[in-house]
Number of protein chains: 2
Amino acid sequence: MPSSDPKQEFKLLCPAPITSEECIVLAHGGGGRMTSRLIDDVFAPAFDNPYLAARHDSAVLPTGACTGSRPRIAFTTDSYVVQPLIFPGGDIGTLAVNGTVNDLAMAGARPRWLSAAFILEEGLPISTLQHVVQSMRRAADIAQVQIVTGDTKVVDHGKGDGIFITTAGIGEIEHDLELGPAGVQNGDIVLLSGDIARHGTAVMLQREGLGLEGPTIASDCASVADAALSLIDAGIPVRCMRDLTRGGLATALVEIAVGSEKHIHIQEDKIPVQAEVQAACELLGFDPLYIANEGRFIAFVPLDRSDEALALLRQHKDCRDARAIGTVRDDRPGQVSMRSVFGANRLISMLSGEQLPRIC
Amino acid sequence: MPSSDPKQEFKLLCPAPITSEECIVLAHGGGGRMTSRLIDDVFAPAFDNPYLAARHDSAVLPTGACTGSRPRIAFTTDSYVVQPLIFPGGDIGTLAVNGTVNDLAMAGARPRWLSAAFILEEGLPISTLQHVVQSMRRAADIAQVQIVTGDTKVVDHGKGDGIFITTAGIGEIEHDLELGPAGVQNGDIVLLSGDIARHGTAVMLQREGLGLEGPTIASDCASVADAALSLIDAGIPVRCMRDLTRGGLATALVEIAVGSEKHIHIQEDKIPVQAEVQAACELLGFDPLYIANEGRFIAFVPLDRSDEALALLRQHKDCRDARAIGTVRDDRPGQVSMRSVFGANRLISMLSGEQLPRIC
């Protein structure tokens with residue numbers, strides 16, 4: 001009776017569950033539905049534990065080193081495989097530091113220590129490595145983190161791609177907030193820390209060698225830790241924060257809508273996009289909502305503290321253009337809708353595959 | 001006056017300092033002198049901080065989450081690029097868990113949480129990934145650690161090599177010992193946890209498709225955390241521990257001799273090597289002293305507790321063949337000497353390049 005077999009029913013889902021004959025494709029690393037499916041079908045069942053099940057960018061862990069109080073640390077990791085290694089506004093080194101710093105900050109943790117593991121391809125000029133390492137040092141200084149442990153492996157020429165960097169980070173949680181989609185409440189305001197879609201666009205233009213007229217589009221790559229933690233330090237009961245990396249603003253919103261079982265409604269005309277970024281996206285056929293950022297985040301805050309939160313964010317250099325872009329509703333659980341600049345409402349969904357491969 | 005320029009003098013050292021025209025070669029990842037030079041010339045100056053300067057396998061960090069007591073955590077990372085992905089005795093997954101678990105244990109920390117970041121090559125069969133992920137789960141269960149956070153990136157076919165895994169680990173330090181080369185004292189005994197050279201030999205034979213007669217040589221890949229921590233739990237004032245990965249027993253001894261400014265004298269006839277491993281090494285022209293292990297470590301303990309320590313180690317499955325292999329002396333600081341089976345003494349130095357590429 002195949003119709004009563006839940007596995008059979010599951011096969012009607014799109015994308016279908018992974019079969020053992022399948023092979024990895026680039027979209028499995030894109031941060032969209034294919035990545036989710038790989039996590040659901042391969043990683044989550046094997047590594048099953050409550051920390052991983054929380055599906056945050058960082059795991060929040062109890063340190064048992066002292067009793068009585070409730071010390072917690074955040075722990076996160078990301079591999080960086082961006083091509084080209086150096087792009088306007090940053091390089092794989094700035095990305096490797098800021099990306100991990102931001103994941104910690106999104107858990108409400110003060111970033112403290114990073115590890116850095118390098119997989120180098122035989123034939124890489126050491127001058128390139130030195131450039132990247134110096135960028136990491138500068139980014140770490142700005143974000144006030146220390147790179148305290150590391151590793152270097154070398155693979156044969158043609159078995160890597162110059163430099164891959166994996167950073168892991170530890171942050172300390174100095175408050176009692178439980179940040180995450182589950183905390184998002186009806187009536188909350190969605191704050192966006194600045195203009196979107198610059199990082200992915202900058203990397204893509206550089207990779208394809210497309211020189212557009214007008215100002216160079218530079219990645220927004222930066223630490224958002226100071227800005228994000230300033231909200232918590234001010235006593236604002238932040239519900240959830242998420243940085244807008246792979247999959248962009250749209251994917252972050254969908255993940256939080258699904259996780260919170262709330263409806264998130266945003267307004268397109270509130271979302272800042274630089275004119276040249278908008279033009280480049282139109283030319284390349286990309287939707288800025290799905291383009292990766294490396295120095296942008298969204299924060300869900302209660303309505304009565306949202307003006308204060310916005311004012312706080314705008315005091316930070318990289319958040320001067322922060323806006324309130326939407327609200328949380330109870331009506332359509334798990335959905336994200338957007339009122340377009342033309343006044344029409346449309347549903348926002350997660351990308352199935354990958355819009356831009358290897359942008360981080 | 002070039003002769004008074006310290007940089008000029010430095011150029012006489014072998015291997016010479018890195019110049020900016022140089023390129024990465026496989027030996028930069030071998031764990032020998034070339035790796036040390038890359039760390040000295042590129043990473044250490046950029047990431048300069050006391051934790052990194054300690055040059056342990058793990059950074060030992062103070063967690064400020066509570067005051068009064070002295071909570072400490074250990075933090076470490078390693079990338080794994082072994083080829084082939086699966087070999088007798090383990091696979092890249094068992095390696096990625098046990099390698100990082102062991103680095104934590106060598107810092108005297110109880111391994112608690114791991115991160116796992118995957119760089120997958122387009123075209124990798126998902127069944128291979130599933131095999132590796134299941135191995136990681138089993139290894140994590142045995143070592144009593146949880147894989148709490150992760151990441152997946154995919155690179156184009158021909159820009160990776162199947163699977164690269166980077167794990168980072170956090171362990172909790174539950175004692176006040178300051179483990180490290182600086183603690184090694186005149187008269188200390190060097191304990192070795194078991195027979196050496198199996199991992200590197202097993203991987204090399206598998207990679208080259210060499211089927212030797214006799215029993216299959218299997219990697220020793222395993223967690224040594226329980227055995228190592230049992231010494232500390234018993235109140236033995238362990239001075240220093242080191243796992244014998246890249247560069248093998250010889251490299252670990254040289255690093256500790258240099259770091260402690262002591263002379264370490266070992267006896268070849270005390271070092272267990274399986275007969276088939278010895279034969280394979282002779283055939284391939286390798287010295288077992290320099291071959292990587294993934295489940296072996298050395299511990300420096302005071303003479304008056306060494307019998308007790310040895311008895312404790314031998315209670316653990318993977319340490320049944322533990323031996324006292326040498327002593328620490330004050331005479332020739334920074335040197336390692338070995339009395340050979342024929343009664344001659346020879347100095348043991350660090351390998352300049354790489355004996356076996358990509359064995360971990």
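Which residue in β2(A) is the bridge partner of A:Leu61? The residue is A:Ile73. I will start from that pair and work outwards. Keep in mind that this is a predicted model.

The two strands concerned are β1(A) and β2, the latter covering residues 72-80 of chain A. They run antiparallel, and 4 bridges join them. Both belong to an open sheet of 5 strands in chain A, in the order β1-β2-β7-β5-β6, and the pairing is mixed. At the edges stand β1 (59-62) and β6 (146-155) of chain A; each has a single partner strand, so one side of each has no neighbour in the sheet. From one strand to the next the twist averages 20°. Packed on this sheet is helix α5 of chain A, residues 126-143. The helix touches β5 (110-121), β6 and β7 (163-173) of chain A, and its direction makes about 15° with that of β7(A).

Now the interface. Chain A and chain B each put 84 residues into the contact. Between them they bury about 7,100 Å², with 67% of that on carbon and sulfur atoms. On the polar side, the rule finds 8 salt bridges across the interface. One of the salt bridges there is between A:Lys153 and B:Asp78, with the closest N and O atoms 3.8 Å apart. There are also 21 residue pairs in polar contact across the interface, counting pairs with both residues at pLDDT 80 or more. Several elements of chain A supply at least two residues each to the side touching chain B, including α2 (33-46), α3 (50-53), β1, β2 and α5. The element that gives the most to that side is β6(A), with 10 residues.

Over to chain B, and strand β8, residues 189-192. Is β8 covered on one face or on both? On both: B:Ile189 and B:Leu191 are buried on one side, and B:Val190 and B:Leu192 are buried on the other. The strand has antiparallel pairings with β11 (residues 297-301) of chain B, through 4 bridges, and with β12 (residues 323-329) of chain B, again through 4 bridges. In the β11(B) pairing, B:Leu192 stands opposite B:Ile298; in β12(B), the bridge partner of B:Ile189 is B:Thr327.

Last, one residue in a helix. B:Asn98 lies in α4 of chain B, residues 92-106. Its relative accessibility is 5%, so B:Asn98 counts as buried. Setting aside neighbours within four places in sequence, B:Asn98 is in contact with B:Ala139, B:Cys221, B:Ala222 and B:Ser223.

Methods. Residues numbered from 1 in each chain as written. Chains lettered and ligands numbered in written order. Predicted model: local features only at pLDDT ≥ 70, side-chain atom pairs only at ≥ 80, totals over all residues. Heavy atoms only, no water. Buried < 20%, exposed > 50% of the residue type's maximum accessible area, 1.4 Å probe, protein only. Contact = heavy atoms within 4.5 Å. Pairing = 2+ DSSP bridges. Axes fitted to C-alpha atoms, helices over the stretch in contact; angles between N-to-C directions. Buried area = accessible area lost by both parts, 1.4 Å probe. Salt bridge = Lys/Arg side-chain N within 4 Å of Asp/Glu carboxyl O. Polar contact = N/O pair within 3.5 Å; in protein donor to acceptor, adjacent residues only side chain to side chain.
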